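Let's take a look at how some helices pack together and where a pocket sits. Have the model open while you read.

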Amino acid sequence: MQRTFTDQLGRTILLNWPPKRIISLVPSQTELLFDLGLDKEVIGITKFCIHPDHQFKTKQKIGGTKKLNIELIRELKPDLLIGNKEENEREQLELLMKEYPVWMSDIYDLEDAQKTILQIGELVDREPEAAYLNHLIQAGFRDLQSLALQHKLDKKVAYLIWREPWMFAGKNTFINHILSLNGLQNVVQEKRYPVIALDSISELKPDLILLSSEPYPFKEKHIQEIQTFIPEAKIMLVDGEMFSWYGSRLVKAVQYFFQLQKELY
């Protein structure tokens, strides 16, 4: 049957429901779809949709999140595409929207992420599974916040996502909200992902510098490089997926943040 849905950009889409040929354009949402049990329905993913590994190895790749292979997508004849405002390119999305139902997410905090899980669950006929995932996420992050308060965890932090130029996660980002839920206060006041010199960050006197594993793959060798600019701060490598993936990865992230908080007490 045909059903209409409204995505997070306020757009209404009409699709044959439940969809049987889904292409996912975003890694965290791809992982969510597989965790919802849509192994057969998902027919195309991006080259960055690396989880789960066995699905990554076998599913058709339709390019990168910002450089989609439009012709290959057409060959696959999808009945639904699922993307994200920040991670996909507007021009390509608008082209696809003329030909297919494209459902878009727009996520800035944990509440948005949980809303997305529920809405995608409804979109693909997996509402009970989505609700259960959200139950686990809600309970886990509630406990994380309680622990941060119990241990009076209140550290000033800067979160690096890129090198040369140095780019940080700022306000109005999902990463910023996840930091705050763990008792970590972002010293970067600019919105989104500003380029900021390291000596300027040093003037903000962060207690902690977090070096993300993605999109730039920071390594141990970068710790000393940054330490010369910001000698007073503790510098740590962190798993960027835990801070920035907003689908079912959040269930795994809870345990990760329990361990991270222990290191910071």
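## H6 and H11

In this predicted model, helix H6 passes helix H11 in a left-handed crossing. H6 covers residues 127-150 and H11 covers residues 249-264, and their axes come within 9 Å and cross at roughly 15°. An angle under 35 degrees counts as roughly parallel, so H6 is roughly parallel to H11.

Who does the touching? On the H6 side you'll find Leu133, Leu136, Ile137, Gly140, Phe141, Asp143, Leu144, Leu147 and Ala148, and they meet Leu250, Val251, Val254, Phe257, Phe258 and Gln261 in H11. Sorted by class, this contact has twelve nonpolar, two polar and one charged residues.

## H5 and H6

H6 also has helix H5 (residues 110-123) to deal with: the two axes come within 7 Å and cross at roughly 165°. Angles over 145 degrees count as roughly antiparallel, which means H5 is roughly antiparallel to H6. Here the crossing is right-handed.

H5 brings Leu110, Gln114, Ile117, Leu118, Gly121 and Glu122 to the contact, while the H6 residues include Glu127, Ala130, Leu133, Ile137 and Phe141. Split by class, the contact of H5 with H6 has eight nonpolar, four polar and two charged residues.

## The largest pocket

Now for some empty space: the largest pocket holds about 910 Å³. It is lined by 31 residues, and the closest to its centre are Glu86, Glu87, Glu214, Pro215 and Ser244.

Helix H1 (27-35), strand E10 (155-162), helix H7 (174-181) and helix H10 (240-244) each give at least two residues to the lining. As for class, the lining residues divide into 14 nonpolar, eight polar and nine charged.

Key. Residues are numbered from 1 along each chain as its sequence is written. This is a predicted model: local features need pLDDT of at least 70, side-chain atom pairs count only at pLDDT 80 or more; totals for chains, interfaces and linings use all residues. Side-chain values use heavy atoms; hydrogens and water are left out. Axes are lines fitted to C-alpha atoms, for helices over the stretch in contact, and angles run from 0 to 180 degrees between N-to-C directions. Helices (H or I, at least four residues) and strands (E, at least two) are DSSP runs, numbered from the N terminus. Angles under 35 degrees count as roughly parallel, over 145 as roughly antiparallel, 65 to 115 as roughly perpendicular and the rest as oblique. A crossing is left-handed if the near helix is turned anticlockwise from the far one by less than a right angle, and right-handed if clockwise. Contact means heavy atoms within 4.5 Å. Ala, Val, Leu, Ile, Met, Phe, Trp, Tyr, Cys and Pro count as nonpolar, Asp, Glu, Lys and Arg as charged, and the others, Gly among them, as polar. On a 1 Å grid over the protein atoms alone, a cavity is a set of points where a 1.4 Å probe fits but cannot get out, and a pocket is an open set with protein on both sides within 12 Å along at least five of seven lines; lining residues have an atom within 4 Å of a point. Grid points are joined across faces, edges and corners, and a volume is the space filled by probe spheres set on the points.
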